[in-house]
Amino acid sequence: MLKSTVLGLMLALASLPAAAEDARTRLDLPPEIRELFLEEMRNHMAALDGVIQLLAAGQTKEAGALARKEMAIGRGKGIGRYMPIEFRELGLAYHRSAEEFARLTESIPAKPSAEQWVQVLGGIAAITANCAGCHGVFRAQ
Ligand code: HEC
């Protein structure tokens, strides 16, 4: 069973399109802006991890506050002006989903019910859908 799962996974990976067929739109960024941008992305990754760690520790409101604080786009680094409008729209949607998650956590009690946990998870899912959505459309190099 495990063997066939592993084999299936290997076959699936082998059939992924090669990098040459990459259909994502390439962002044309000056090298120093690209560095800043990727650094910012790594911060978003760390922020997402931080939010999930807080949720796992039962600190729902703190998780929301961290999302609000850290998941702002560009945070005034001036990267946005190098980006095409479609990218900025996806970025805004991402920012909004983090804000909505923060607001949701404000209405969740210290001991959430099962239904409320599903709501919280839905809020996180809306954020990660924006990460994945944009990654599917754009690349930086
Ligand atoms: C509006 C678009 C957009 C959103 C939203 C977005 N990203 Fe990215 N991210 C990118 C692009 C473009 C790259 C470069 C990918 C490439 O060149 O292959 C990138 C790269 C990254 C990288 C690699 C950084 C490096 O040093 O190479 C990480 C990690 C990352 N993103 C995490 C996230 C996480 C986590 C989220 C959501 C919480 C997120 N991103 C949301 C566009 C986005």
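**Exercise 1. The buried side of H5**

Which residues of H5 are buried?

Solution. The model is a predicted one, in which local features need pLDDT of at least 70 and side-chain atom pairs count only at pLDDT 80 or more, while totals for chains, interfaces and linings use all residues. Residues are numbered from 1 along each chain as its sequence is written.

Step 1. Fix the terms: a residue is buried if 20 or more other C-beta atoms, placed from the backbone, lie within 10 Å of its own, exposed if 12 or fewer do, and partly exposed in between. Helices (H or I, at least four residues) and strands (E, at least two) are DSSP runs, numbered from the N terminus.

Step 2. Applied to H5 (114–135), the criterion gives Gly123, Ile127 and Asn130 as buried. They cover an arc of only 55° around the axis, which puts them on the same side of H5; the arc is that of the directions from the helix axis to the C-beta atoms. An α-helix has 3.6 residues a turn, so residues three or four places apart point the same way.

Step 3. Turn to the opposite face of H5, where the exposed residues include Ala114, Glu115, Val118 and His135. The buried residues of H5 pack against H4, with a contact meaning that two C-beta atoms, placed from the backbone, lie within 7 Å.

**Exercise 2. Helix lengths**

Determine how the end-to-end spans of H5, H4 and H2 compare with the expected values, taken as 1.5 Å times one less than the number of residues.

Solution. Step 1. H5, with 22 residues, reaches 31 Å from its first C-alpha to its last, which is close to the expected 32 Å.

Step 2. For the 22 residues of H4 the expected span is 32 Å, and the end C-alpha atoms are 32 Å apart, in agreement.

Step 3. For the 26 residues of H2 the expected span is 38 Å, and the end C-alpha atoms are again 38 Å apart. H2 is followed by Gly58, which has a positive phi near 80°.

**Exercise 3. H4 and the nonpolar core**

Identify the buried side of H4 and relate H4 to the largest nonpolar core, a core being a set of buried Ala, Val, Leu, Ile, Met, Phe, Trp, Tyr and Cys residues joined through C-beta atoms within 7 Å.

Solution. Step 1. The buried residues of H4 are Leu90, Tyr94, Ser97, Ala98, Phe101, Ala102 and Thr105. Because they cover an arc of only 140° around the axis, they lie on the same side of H4. The face turned away from that side carries the exposed residues Ile85, Glu89 and Glu106, and what covers the buried residues of H4 includes H3 and H5.

Step 2. The largest nonpolar core has 13 residues, and Val51, Ala63, Ala67, Ala98 and Phe101 have the most contacts inside it. Two or more residues each come from H2, helix H3 (60–70) and H4, and H4 gives the most, with five.

Step 3. Follow Ala67, which lies in H3 and counts as buried because it has 27 C-beta neighbours inside 10 Å. Leaving out residues up to four places away in sequence, Ala67 touches Val51, Ala98, Phe101 and Ala102, while under that exclusion Ala98 touches Ala67, Arg68, Met71 and Ile127.

**Exercise 4. The shell around the ligand**

Which residues come nearest to the ligand, and which element gives the largest share of the shell?

Solution. Step 1. A residue belongs to the surroundings if its C-beta atom, placed from the backbone, lies within 6 Å of the molecule. Of the 20 residues around the ligand, Met41, Tyr94, Cys131, Cys134 and Arg139 come nearest.

Step 2. The elements giving two or more residues to the shell are H2 (31–56), H4 (85–106), H5 and strand E2 (138–139), and H2 supplies the largest share, six residues.

Step 3. By class the shell has 13 nonpolar, five polar and two charged residues, where Ala, Val, Leu, Ile, Met, Phe, Trp, Tyr, Cys and Pro count as nonpolar, Asp, Glu, Lys and Arg as charged, and the others, Gly among them, as polar.

**Exercise 5. A loop residue**

Is Asp28 buried or exposed?

Solution. Step 1. Asp28 is found in the loop between strand E1 (25–26) and H2.

Step 2. Asp28 counts as exposed because it has 11 C-beta neighbours inside 10 Å. The C-alpha atoms of Asp28 and Gln141, 113 residues apart along the chain, are separated by 7.9 Å.

Key:
The expected span of a helix is 1.5 Å times one less than its number of residues. A nonpolar core is a set of buried Ala, Val, Leu, Ile, Met, Phe, Trp, Tyr and Cys residues joined through C-beta atoms within 7 Å.
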